[in-house]
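Ready for a few warm-up exercises? Take a look at the sequence and the model below, then work through the tasks one at a time.

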Amino acid sequence: MVERIEKQQEAAPAGQRAPLPLPPLPGDAAGALAPPPAAAAAAANGAAAPFLAAAQQEIKQGRIEAAMQAVRRGLTALPTDPQLALYYGVLFLRAEKYQEAREWCARATVSVPAWPQAWKYLGFAEYAADRTDDAVRSWRKSLALAPDAEVQKALERAERELAAEANHEQLSSSHFTLRFEGRQVPPEFRRTLLEELERHYQRLERELGISLREPVPVILYTERAFQQVTQAPSWAAAVNDGRVRIGIQGLSAISSEFSSTLIHEMTHSFVWAKTHGRCPRWLDEGVAQFFEGRSAKGDSRLMQLWREGKRVPLKALEGSFGELGPVLASVAYWQSLAAVQFLTERWGLFDVVRLLDRLAAGTAPEAALRAVYQLDYAGLEEGLSQSLAR
Ligand SMILES: [Zn+2]
């Protein structure tokens with residue numbers, strides 16, 4: 001194992017796109033949706049139960065589309081049923097279709113205003129749709145009706161974010177909502193910054209063959225506020241939890257380093273959308289650095305460690321790098337880049353895109369590698385070694 005690396009990697013690349021901070025959604029092992037208050041439940045007469053049961057059965061098998069169909073059949077028969085409306089909203093939330101999620105959860109709050117669960121999930125839909133103000137209002141209503149630890153935690157987080165953004169201005173383009181403190185970003189750079197983001201967007205859209213459904217919020221914080229909001233490890237410069245959050249020290253020009261951070265984080269959003277969140281970490285970080293334009297061959301120190309056999313197996317890099325600490329994390333990032341660089345140099349980006357498609361279909365990482373490249377992890381590591389020996 002690697003024990004120590006003298007020089008810290010400069011500007012450690014940031015983490016992969018993390019899931020939105022949602023609670024386990026009903027239909028997961030955690031259980032079913034809590035029913036509405038007694039009076040509303042009596043009015044509904046239990047007629048929705050068979051449709052809800054059918055939907056939950058589908059969810060247990062991981063078939064979200066079929067679950068939505070079951071609920072749609074229910075809504076055709078019982079168009080005003082609040083439980084079906086809320087469950088439909090929750091399914092849209094799972095499918096990451098946040099506008100629809102908001103609409104359906106809101107219907108449930110309108111028909112049963114005293115149902116804490118309806119306000120809870122409306123709040124999560126609003127938060128996911130980048131409407132933090134509305135989410136805070138909904139969660140407060142939910143908590144006024146019944147205590148709920150998940151809602152409490154989400155509310156506190158949202159309030160921290162709102163406080164950190166209290167003095168932020170907002171500027172939008174087709175695919176981005178940029179938020180920043182006025183004195184952080186001089187007026188002449190604001191448009192340029194959005195143009196830079198749009199340029200990255202177009203490149204990723206073209207090369208990865210997918211577009212994003214909703215505008216991506218990009219939020220610039222002072223470094224202090226960044227730490228308070230993200231509670232990220234101190235070596236991270238940016239995080240992407242559905243919103244791209246970047247800590248900066250004032251911006252007087254768009255440096256190439258800053259532009260790299262932008263495309264790195266955007267890549268995570270695209271990979272997330274492309275694979276429905278099923279990309280192993282090494283591939284995600286490798287692709288993000290590939291789009292930054294980094295080369296693994298630029299770091300002779302880390303290349304030497306690989307040659308000496310001081311490696312972290314790629315298999316061990318499928319999950320989060322968060323626990324690795326800064327030293328091993330820099331090894332992990334380098335290996336991720338080296339692996340993707342090897343794959344793209346030998347077979348082109350197109351096959352990496354096919355690999356992402358396999359993952360999207362639910363294939364496990366090593367099986368997907370085998371399907372696209374006829375390589376398992378050992379074969380990939382061997383190929384990588386040979387390419388570095390040249
Ligand atoms: Zn990253």
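Before starting, one cut-off: a residue counts as buried when its relative accessible area is under 20%, and as exposed when that value is over 50%. Keep in mind that this is a predicted model.

**Exercise 1.** Decide whether Q341 is buried or exposed.

*Solution.* Start by placing the residue: Q341 sits in helix α14. Next, take its relative accessibility, which is 9%. The limit for buried is under 20%, so Q341 counts as buried. Finally, check its company: setting aside neighbours within four places in sequence, Q341 is in contact with R294, S295, A296 and K297.

**Exercise 2.** Work out which domains the largest nonpolar core lies between.

*Solution.* First, find the core: it has 67 residues, and L220, W282, L283 and L380 have the most contacts inside it. Helix α14, residues 325-347, gives the most to this core, with 12 residues. Domain 2 (168-268) and domain 3 (281-389) both supply residues, so the core lies between them. To zoom in, pick L283: leaving out neighbours within four places in sequence, L283 touches V340, V352, L355, L356 and L359.

**Exercise 3.** Describe how α14 packs against helix α17.

*Solution.* Begin with the geometry: α14 and α17 (residues 377-389) pack at about 85°, and their axes are 10 Å apart. That makes α14 roughly perpendicular to α17. Now list who meets whom: W334, A338, A339, F342 and L343 in α14 meet L380, G383, L384, S387 and L388 in α17. Sorted by type, the residues of this contact come out as 8 nonpolar, 2 polar and no charged.

Notes. Residues are numbered from 1 along each chain as its sequence is written. This is a predicted model: local features need pLDDT of at least 70, side-chain atom pairs count only at pLDDT 80 or more; totals for chains, interfaces and linings use all residues. Side-chain values use heavy atoms; hydrogens and water are left out. A nonpolar core is a set of buried Ala, Val, Leu, Ile, Met, Phe, Trp, Tyr and Cys residues joined through side-chain atoms within 4.5 Å. Buried means under 20% relative accessible area, exposed over 50%, partly exposed in between (1.4 Å probe, protein chains only). Helices (H or I, at least four residues) and strands (E, at least two) are DSSP runs, numbered from the N terminus. Domain bounds come from an automatic or database domain assignment. Contact means heavy atoms within 4.5 Å. Axes are lines fitted to C-alpha atoms, for helices over the stretch in contact, and angles run from 0 to 180 degrees between N-to-C directions. Angles under 35 degrees count as roughly parallel, over 145 as roughly antiparallel, 65 to 115 as roughly perpendicular and the rest as oblique. Ala, Val, Leu, Ile, Met, Phe, Trp, Tyr, Cys and Pro count as nonpolar, Asp, Glu, Lys and Arg as charged, and the others, Gly among them, as polar.
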